[in-house]
Amino acid sequence: MLAEALGLTAPAAGGSDTATLALPSLLTAPLDSPDVVRVRPRPAPRTEPALTAWTVPILILDPVAALAFLDLDVDDPFDDVRLGESVWHLAEVAALARDLAERGRVLPTVSLMDGARGLAWWRPVEQGPDARTVAGLVSTLPPVGRAVVADPADLTGRHPATLVEAALDQLTDAAVRARLEVTGTPGLAGVPRRRGRLPKTIPAAEAWLDALGTADGEFTAEAGDLERLAASLAAWDEFGAGAPGRARATFRLVSLDDLDDDLDGLDGLDGLGGFDDDDDDGLERSAAGVRPAGGGPGARWRLQFWLQSAEDPTLMVPASQVWDGGEGLARWLDRPDELLLAELGRAATVYPDLAGALRRARPVALDLDATGAHDFLAHRADLLDQAGFGVLLPSWWQQRRRLGLKATAAPQVEGGVGAGMLTAESLVDFDWRLALGEETLSEEELAALAAAKEPLVRLRGQWVAVDAEQIRLGLEFIARRREAGPQHSVAQVLALAASHHDAEAPLPVTAVHASGLLGDLLEGTADTALAPVCPPPGLHAELRPYQERGLAWLSFLDGLGLGACLADDMGLGKTIQLLALELHARAQRPESGPTLLLCPMSLIGNWQREAARFAPGLTLYAHHGPTRPRGKALVQRLASCDVVLTTYHTATRDIDELATHDWGRLVLDEAQAVKNHLTRASRAVRRLDARHRVALTGTPVENKLAELWSIMDLLNAGILGSIEQFRTRFAKPIERQGLTEPAARLRQVTRPYILRRLKTDPQIAPDLPEKIEIKQYCNLTREQASLYQSVVAEMIPKIEAADGIARRGNVLATMTKLKQVCNHPAQLLHDGSPVAKRSGKVARLHEILAEIIGAGEKALLFTQYTEFADMLLPHLAAAYGSPGAGGSGVLYLHGGTPRSRRDELVQRFQDPGGPGIFLLSLKAGGTGLNLTAASHVLHLDRWWNPAVENQATDRAFRIGQRRNVQVRKFICAGTLEERIDEMIERKRELADLVVGGGESWISDLSTEELRRVFTLSEEAIGE
């Protein structure tokens, strides 16, 4: 049952067994898990708890299955299973393993087994920040993580470092093999190898290389060959195997020409302790400015040496204070001078130029000329960072505008002409210029750069990296292209705008601009510039103006053969725009093949009803179920239909057959279903061949930017490069570093293919009914308040005592428990006790429902907890009658509701005489339903991602709604619900950068902030 609840199948799990655990116990039973909260604590034990061996059932996962299972999201936990802190800790280990594999921080090695057998595997290389991350995982390993013992007589358990390293080794090896499988690399025997690395005199080498890409890594060879192979890999095995020290050397590059400016503009220096603006490391100042002290006449840059604490990175001191025995160093370091000298010696192996500074007895910095500074910025800084040293670079280097090529295109068909006049084959006039970023350089500036003798020069008040040879090659490239002719096709321009890459260009392409319709497309404004498309014959609906613009945009990209992502807000009519596109395209091209439309099972009936209502002329065929046709029968069926409806699950199972057909269009509804490019569904969809592709989704990014890559790559293959390139160019700088420039570039690249309109847009709002949002405050009963305070009193000390993943787990566990208390005491206690008169929230719900039902109106009730819904259903049915008893009735939809029953519930609720209350679990009913019969939406408990709540609200607040919609969000006053509601109003950042969001930020609050969030206020308790 546990495997089923966790979504694990028997083959993936690997089997079940038992294990011996050493647990703190009393005489008859183990102590409660730290995750368990008891309202009535157990009586104090008469004896002290002691470690006792217990035999428990376990579920065994091989490393590949474990890696897949541990890809957890704190914003989307399991419905019916609470994961312990040890699982979340192991998930952090798995995340590090995936990250190391992705960044190539791995090395191949071999382990000798018995006889002539060897094991080829990939080991993690833990250096610098990675080594500190591993040390943090070791220090935060929960006690239960080392509870497994091999011998009941010895309950000592293994050392945390041994356990973490062993888990990281296996998960990293699995992550590398998974990447090799995805990239289609079965083994490494065919990879060219440099001579001398693995001599051909070792026959085991080829078998070892092959085994590095196999599932289990085992191979056979002569015992002597295996030993010689292991000896030849010894140098690799020693690389990165050292333990991190208590401090590290950090290098800071400054320009002596503008040192004063750089003191206020260095990346990573904000808030760093130990930095003194008055300490110039020996620089001499004069009225003439800043000049090097003791350096040669050509020295204009200085690489300063600092010592940085490993435990507290904000603690930094310059080398001059280290040599002088600065006050306070002894508090955190023994012999800091020796440590700094050793660190500089180690750095010299990575950056040999440091050897010159080490000839001094007390080195504080290395003076560099412009060539040396550029070499450090472009090459050495990254090597030092990868080796575990700190590097602080001038802010202008990270924000610099690059010298490159700017392309401009002018379509020969201008923007006032209809969309059909511009095709992928249309020609445009094309021109290349040299530019700094997007600013075209003048002839005088080009001449000055070409004459520059140093690689770093100032241009327009900024430092610029200059390569005179590249400038010459760039000018020659421009001349050749102009001689070859100024014409390109629209398809070529679009490809260049997406990739910013030209194989023959000697400089990077920094900007691509165009005029006319092509320019509007690149700017993401084509929908407003295109000539309207007349509603097609056979459409039984009046399109709103923005829907007409959406149809024109879809048709425009259809004519260009480009995939489109229609990402309108929920309720704005993506379905009707797609149906209109189908009718319009078939009127233009009657010979077009059928459209294959993939959607969740719950939406099959919705598509059938919407098509029958708005486009009855279209022939739809729903391809699912055990009796669906195959082979020739399917071919005959496809010949007589316009649109084939099927589910992602069915398409995955039938992909071998579906991939043999030529589809006119592929439509992915609720396209977030294929947001993970590694899933079977996503891989299957990529095999389908279609002339045009459309994705329909209100959330192209839910948690990670890789989801956007997956959808965009399905629409236009290769448009964002490989997933590795995308992570390097966009995902990591945006998600990990919060950089806005990569986010702007990502918007620029994707905006021609994404059309996203919000209900709040000025052009959209007049077409919608008014939505009235009300925050419905409730009071706790005394029982609720007592439980609430018990949870806070027990969990706050645990949060204070924990770090890392353990702390995050405690924070999220506390939030879950407090939210349950706010709903109803029985939800926390899980005791099946009565519902009535024990919850202030339920009492207020009764009052509001009485008014709604009394006025003859209908309401949707959303809760994220199925347990709470199960408690409410009989309680509400008793108060408002059951559907078959003549009362208003209460309907209930949850994740286990069959598709046929789901459609029946929706139809009954939409019927004017149907039930007036629809209780829905947030995950099952928050998307894909049209419930406009309701004019009231009640969110009984808050989901801390506003986008999820808004999607649920959109079941009623959507096109087709003729009345004002009242949205009530239930909040228990004086509790964490009220305080986090206030924070949500100020916390919506990733979605603004690109198009996503998440709520894991709550766990990053400080303990004092969490104490204020969790503490119960006096006004919380009702009468």
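Q: Which residues are buried in H36?
A: In this predicted model, the buried residues of H36 are Arg-902, Asp-903, Leu-905, Val-906 and Phe-909.

Q: And how do they sit around the axis of H36?
A: Looking down that axis, the buried residues fall within an arc of 160 degrees, so they line one face of the helix. A general point helps here: an α-helix has 3.6 residues a turn, so residues three or four places apart point the same way.

Q: OK, what's on the other side of H36, and is it buried or exposed?
A: Ser-900 and Gln-907 are there, and they are exposed.

Q: What do the buried residues of H36 pack against?
A: Their partners are helices H23 (604–614) and H37 (922–925), along with strands E28 (859–863), E29 (890–893) and E30 (917–921).

Q: How far apart are the end C-alpha atoms of H36?
A: They are 17 Å apart. Helix H36 covers residues 899–910, and at 1.5 Å a residue its 12 residues should span 16 Å, so the two values agree.

Q: Let's try H22. How many of its residues are buried?
A: In H22, 13 of the 15 residues are buried, so this helix is largely enclosed by the rest of the structure. Helix H22 runs over residues 574–588 and reaches 21 Å from its first C-alpha to its last, close to the 21 Å expected at 1.5 Å a residue.

Q: Zooming out, how many helices and strands are in the chain?
A: The chain has 41 helices and 32 strands. It is 1023 residues long, and 50% of them count as buried.

Q: What about contacts between residues at least 6 apart in sequence: what share join residues at least 24 apart?
A: That share is 74%.

Q: And what area does the chain expose?
A: About 46600 Å², with carbon and sulfur atoms supplying 52% of it.

Q: What pLDDT does the chain average?
A: The average is 79, and 83% of the residues score at least 70. Over residues 260–298, though, the pLDDT is below 50. That stretch still has 68 contacts in the model beyond near neighbours in sequence. Residues 882–887 also stay under 50, and the model gives them 10 contacts beyond four places in sequence.

Q: New topic: where is Phe-305 found?
A: Phe-305 is in strand E9, residues 301–309. With a relative accessible area of 1%, Phe-305 is buried, because the cut-off for that is under 20%.

Q: What is Phe-305 in contact with, leaving aside its neighbours within four places in sequence?
A: Its contacts include Thr-250, Phe-251, Pro-318, Leu-344, Leu-354 and Val-364. Phe-305 and Arg-252 are 53 residues apart in sequence, yet their C-alpha atoms are 6.7 Å apart in space.

Q: Which other pair is far apart along the chain, and what separates the C-alpha atoms?
A: Ala-793 and Phe-1014 are 221 residues apart along the chain, with 9.9 Å between their C-alpha atoms. Ala-793 is in helix H31, residues 782–801, and is exposed, with a relative accessible area of 57%.

Q: What's in the loop between E24 and H27?
A: Glu-670 lies there, and His-677 is found in that loop too, between strand E24 (662–669) and helix H27 (680–686). Glu-670 counts as buried at 9% relative accessibility, and His-677 is buried with a relative accessible area of 13%. Beyond its neighbours within four places in sequence, His-677 is in contact with residues including Arg-683, Trp-709 and Ile-723.

Q: What is the phi of Glu-670?
A: It is positive, about 50 degrees, although Glu-670 is not a glycine. Most residues other than glycine have a negative phi. His-830 has a positive phi as well, near 55 degrees. His-830 lies in the loop between helix H33 (825–829) and helix H34 (840–854), and is partly exposed, with a relative accessible area of 48%.

Q: Last one: how many disulfides does the structure hold?
A: Zero. As for cysteines, Cys-534 counts as exposed at 63% relative accessibility, whereas Cys-599 is buried, with a relative accessible area of 0%.

Key:
Residues are numbered from 1 along each chain as its sequence is written. This is a predicted model: local features need pLDDT of at least 70, side-chain atom pairs count only at pLDDT 80 or more; totals for chains, interfaces and linings use all residues. Side-chain values use heavy atoms; hydrogens and water are left out. Helices (H or I, at least four residues) and strands (E, at least two) are DSSP runs, numbered from the N terminus. Buried means under 20% relative accessible area, exposed over 50%, partly exposed in between (1.4 Å probe, protein chains only). Contact means heavy atoms within 4.5 Å. Accessible areas come from the Shrake-Rupley method with a 1.4 Å probe; for residues, only the protein chains shown count as cover. The expected span of a helix is 1.5 Å times one less than its number of residues. The arc is that of the directions from the helix axis to the C-beta atoms. pLDDT is the predictor's confidence in each residue, from 0 to 100. A disulfide is a pair of cysteine sulfur atoms within 2.5 Å.
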